[in-house]
Amino acid sequence: MQRVPMLLCMMFILFLSACSMGEETIREEEVDPVAPSNDVEVIVKDIQYVLLDNDGTFHEDNEEQTIKVTIDLRNNMDETRDFYPDMDMVLIHNEGEIIEAKSPSKLPSGIDIAEFSQNPSVNSEEEKLFHALFNIEKDASYELEVTLPPANKVKIPFDLADYEMNIDEMTEPELAMETYLEQVVLGKEEIAEDVIDIHLENELQEAYQVFAEKMKKVIFYDVSEETIEALFEEYVPYVQENSVIDVKVIANTNAQAVVEIDYAALDQRKMLEKVLKQEKIFDGLTEEAFVEKVVEILPTTFEELEVKEAKEPMKITLEKKKSKWYIPERELDNKERLLRAFFAGGIY
């Protein structure tokens with residue numbers, strides 16, 4: 001009679017063991033969110049609150065927020081496997097709701113999807129970082145479920161109450177772009193915080209180049225560089241005094257961000273109209289005499305220029321490297337458009 005309870009006990013233990021196969025769960029009391037298994041190891045490297053598609057309703061107290069989950073995934077299998085974070089990572093709410101990752105194809109315009117759709121291949125014994133975005137309930141508890149087919153599922157519980165939303169970091173791209181414009185456009189020498197990586201001398205040279213290009217078109221005939229430089233020095237104070245700038249962050253993944261710039265700048269139409277009128281008066285002059293007359297008139301038009309508001313804001317993508325934001329090469333055309341608005345009257 002003693003053997004029956006013992007046999008039942010052994011069968012119950014075997015049943016529990018069978019149920020646990022194919023799934024690994026990290027205990028909540030563990031300090032590091034690491035979940036190993038025979039086939040795959042997963043480390044949660046970071047969980048950050050991010051901002052996507054800010055339409056003006058974003059607030060840090062909103063219950064619904066977005067997080068970026070970064071994992072370090074190691075393939076312990078003998079063969080290369082493909083891992084797609086937007087399909088192979090899900091969150092499970094403590095009340096059972098399954099939350100799928102956002103598809104990279106639905107990211108806001110200006111955000112490079114490569115951050116969330118990198119090469120999926122993970123070689124045997126290789127470790128790779130992957131990122132996924134989730135819409136979540138702030139301060140709720142979740143379980144991250146990661147699958148590297150056909151490996152075991154790995155589950156890692158976490159509580160968002162343990163992760164602080166840093167509103168200053170989320171809106172930092174605003175400060176970065178404001179700092180850039182304050183230095184390049186408004187001529188401020190003192191900056192509040194060093195959050196953007198720029199070579200000010202190069203940026204001011206680019207501002208000069210867009211101004212020079214416009215002036216050469218207005219003057220029409222060849223004009224010396226010294227003359228253009230003198231005109232630029234006279235024009236810049238008007239730019240600094242009259243330009244209006246308002247920056248808002250639209251999206252921020254903490255690696256890249258989209259900022260929206262509402263602006264008003266000097267409209268150069270009156271300057272062009274005055275020069276065109278003088279062309280008739282100067283008809284018959286030599287090229288050299290014509291240029292001299294136009295260059296003499298141009299500075300008198302600067303103070304008459306009106307400030308014009310842009311019809312729609314301009315958007316620029318920033319990227320972050322070593323704790324500083326910068327304007328990447330892919331955004332150089334947009335940066336030139338912005339400089340044209342302030343230094344060449346190219347307001348749209």
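Author: A residue is called buried under 20% relative accessible area, exposed over 50%, and partly exposed in between. Please keep in mind that this is a predicted model.

Reader: Is Asp194 buried, partly exposed or exposed, and why?

Author: Asp194 has a relative accessible area of 48%, so the residue is partly exposed. Its salt-bridge partner is Lys324, with the closest N and O atoms 2.8 Å apart. This pair links distant parts of the chain: Asp194 sits in the loop between α4 and α5, Lys324 in strand β16, 130 residues apart. Lys324 also counts as partly exposed, at 25% relative accessibility.

Reader: How many salt bridges does the structure hold?

Author: There are 20 salt bridges. One of them joins Glu125 to Arg74, with the closest N and O atoms 2.6 Å apart. Glu125 lies in the loop between β8 and β9 and Arg74 in strand β4, so the pair ties together parts that are 51 residues apart in sequence.

Reader: How should one read an aromatic pair, and how many are found in the whole structure?

Author: Two aromatic rings pair if their centres lie within 6.5 Å, and the angle between the planes names the arrangement. The search finds 10 such pairs. In one of them, Tyr263 and Phe342 are tilted, at 5.6 Å centre to centre with 55° between the planes. Tyr263 belongs to strand β13 and Phe342 to helix α9, so this pair ties together parts 79 residues apart in sequence.

Reader: Are Tyr263 and Phe342 buried or exposed?

Author: Both Tyr263 and Phe342 are buried.

How values were computed. Residues are numbered from 1 along each chain as its sequence is written. This is a predicted model: local features need pLDDT of at least 70, side-chain atom pairs count only at pLDDT 80 or more; totals for chains, interfaces and linings use all residues. Side-chain values use heavy atoms; hydrogens and water are left out. Rings of Phe, Tyr and Trp (its six-membered ring) pair if their centres lie within 6.5 Å; planes under 30 degrees apart count as stacked, over 60 as edge-to-face and the rest as tilted. Helices (H or I, at least four residues) and strands (E, at least two) are DSSP runs, numbered from the N terminus. Buried means under 20% relative accessible area, exposed over 50%, partly exposed in between (1.4 Å probe, protein chains only). A salt bridge is a side-chain nitrogen of Lys or Arg within 4 Å of a carboxyl oxygen of Asp or Glu.
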